Amino acid sequence: MRYNNKMLWSLPALALGVGLSAQASAATLDEVQERGELRCGVNVGLSGFSSPDENGTWQGLDVETCRGIAAAVLGDPEAVSFTPLTAKERFTALQSGEIDVLSRNTTWTATRDNSLGLNFTATTFYDGQGFMVAKDLGIEGPEQFDGASICIQSGTTHELNLADYFPSRGIEIQTVTFDTPDQTAQGFASGRCDILTSDTSQLSALRLQLPEPDSVEILETLISKEPLGPVVRQGDDQWFDIVQWSIFAMVNAEELGVTSGNVDEMRDDAPNPQVARLLGVDGNYGEQLGIGNDWAYNIVKHVGNYGEVFASTVGEDSPMQISRGVNALWNEGGILYAPPIR
């Protein structure tokens with residue numbers, strides 16, 4: 001690599017800037033504990049993932065992830081303030097420090113992970129981009145989309161996926177863009193486009209908002225991989241580890257059969273060493289993270305394991321009725337997998 005004087009003079013300043021940035025962002029845990037509250041960025045309203053109920057209480061898979069982190073760090077799942085963010089706002093809010101973690105249906109991609117000063121922590125929902133159409137059109141797959149118009153939300157990976165998929169197959173489409181999921185669904189319902197595209201999880205949520213949900217269907221074809229999960233700022237390894245292992249704890253708890261209903265019994269009489277380590281009976285895994293050794297116990301006790309949260313927010317016990325599919329545990333036909341606590 002060749003250097004010029006300008007580059008040489010800028011290197012100390014660059015190093016100083018990076019150092020200051022890392023130092024400034026390395027105190028997230030201290031800030032959260034001093035504040036007594038976790039600041040979490042979520043979707044402005046996506047059923048099953050993050051939306052306020054009739055009482056204004058936020059509900060959903062992404063919301064429960066934040067409550068799990070709060071339980072781990074503060075011992076209180078309710079010590080969270082939720083900031084609703086659009087797709088365009090989400091990364092800036094995290095970069096600026098307005099929020100501590102972004103837990104909003106956000107796809108993990110190379111560009112987002114490597115160029116925005118952010119780190120994706122773990123995948124909480126494996127998804128893919130699909131399509132919703134009116135049943136009476138008789139459409140079976142994207143190969144029949146030639147000449148169709150497609151409603152899509154701006155600022156998402158979905159636009160790039162369409163650009164990758166259709167031109168290479170000689171299929172011409174027109175896109176109609178909107179700022180929010182609700183606007184996208186309204187555009188589809190009003191006939192401004194023939195097809196609605198998004199992650200299949202979001203399509204399942206938007207379908208419930210339509211005037212006649214039974215008149216539409218979600219096609220089986222997926223055109224992308226969309227791993228969704230929480231994001232934090234770069235430069236704070238401790239906070240990254242806390243968010244990541246809070247998710248891993250929920251997954252491991254499900255695999256070990258530890259639930260919100262039996263966690264006290266399991267802690268008092270651990271059936272095996274894995275459960276003892278998870279619930280803080282053995283080892284100092286919480287101390288390694290800089291928090292209490294009961295961190296995982298608090299998550300499961302107050303929020304539940306991953307399977308419980310999935311079922312109540314988007315799965316069998318929810319209006320969404322999304323099957324576990326690839327989001328099932330690795331030993332139950334899915335790909336969900338967490339490193340061991342040991």
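# Working through salt bridges, pockets and buried parts

A search of the whole structure turns up 8 salt bridges (a side-chain nitrogen of Lys or Arg within 4 Å of a carboxyl oxygen of Asp or Glu). Before you start: this is a predicted model, where local features need pLDDT of at least 70, side-chain atom pairs count only at pLDDT 80 or more, and totals for chains, interfaces and linings use all residues. Residues are numbered from 1 along each chain as its sequence is written, and side-chain values use heavy atoms, with hydrogens and water left out.

## Exercise 1: a shared partner

Work out which residues are joined with Asp-100 into one network by salt bridges.

Solution.
- Step 1. Start with Arg-35, which forms a salt bridge with Asp-100; their closest N and O atoms are 2.8 Å apart.
- Step 2. Place the two ends. Arg-35 sits in helix H2 (residues 28-35) and Asp-100 in the loop between helix H4 (90-95) and strand S5 (101-102), so this pair ties together parts 65 residues apart in sequence. Helices (H or I, at least four residues) and strands (E, at least two) are DSSP runs, numbered from the N terminus.
- Step 3. Check how open each end is. Asp-100 is buried, at a relative accessible area of 1%, while Arg-35 is partly exposed at 30%. Buried means under 20% relative accessible area, exposed over 50%, and partly exposed in between (1.4 Å probe, protein chains only).
- Step 4. Now take Arg-39, which also has a salt bridge with Asp-100, with closest N and O atoms 3.9 Å apart. Arg-39 lies in strand S1 (residues 38-43) and Asp-100 in the loop between H4 and S5, so the pair ties together parts 61 residues apart in sequence. Arg-39 counts as partly exposed, at 23% relative accessibility.
- Step 5. For contrast, look at another pair: Glu-64 and Arg-67 meet in a salt bridge at 2.5 Å, N to O. They are 3 residues apart in helix H3 (residues 61-74), about one helical turn, and both are buried.
- Step 6. Put it together: salt bridges that share partners join Arg-35, Arg-39 and Asp-100 into one network.

## Exercise 2: a charge without a bridge

Find the nearest side chain of opposite charge to Arg-277 and say how far away it is.

Solution.
- Step 1. Locate Arg-277: helix H11 (residues 273-278).
- Step 2. Recall the idea: side chains of opposite charge can pair when their charged atoms come close.
- Step 3. Sort the charges: Lys and Arg count as positive and Asp and Glu as negative, with His and the chain ends not counted.
- Step 4. Read off the result. The nearest side chain of opposite charge is Asp-282, 4.9 Å away, and Arg-277 is buried yet has no salt bridge.
- Step 5. List the company Arg-277 keeps. Leaving aside neighbours within four places in sequence, Arg-277 is in contact (heavy atoms within 4.5 Å) with Asp-282, Tyr-285, Ile-341 and Arg-342.

## Exercise 3: the largest pocket

Describe the lining of the largest pocket by residue and by class.

Solution.
- Step 1. Get the rule straight. On a 1 Å grid over the protein atoms alone, a cavity is a set of points where a 1.4 Å probe fits but cannot get out, and a pocket is an open set with protein on both sides within 12 Å along at least five of seven lines; lining residues have an atom within 4 Å of a point.
- Step 2. Note the volume, about 350 Å³. Grid points are joined across faces, edges and corners, and a volume is the space filled by probe spheres set on the points.
- Step 3. Name the residues: 19 line this pocket, and Tyr-126, Asp-127, Gly-128, Thr-200 and Leu-222 lie nearest its centre.
- Step 4. Find the elements: strand S7 (125-127) and helix H8 (200-209) each supply at least two lining residues.
- Step 5. Sort by class: 7 nonpolar, 8 polar and 4 charged. Here Ala, Val, Leu, Ile, Met, Phe, Trp, Tyr, Cys and Pro count as nonpolar, Asp, Glu, Lys and Arg as charged, and the others, Gly among them, as polar.

## Exercise 4: an enclosed helix

Explain why helix H14 (residues 306-313) is largely enclosed by the rest of the structure.

Solution.
- Step 1. Count: 6 of the 8 residues of H14 are buried, so the helix is largely enclosed.
- Step 2. Name them: Tyr-306, Gly-307, Val-309, Phe-310, Ala-311 and Thr-313.
- Step 3. See what surrounds them: these buried residues pack against H3, S7 and H9.
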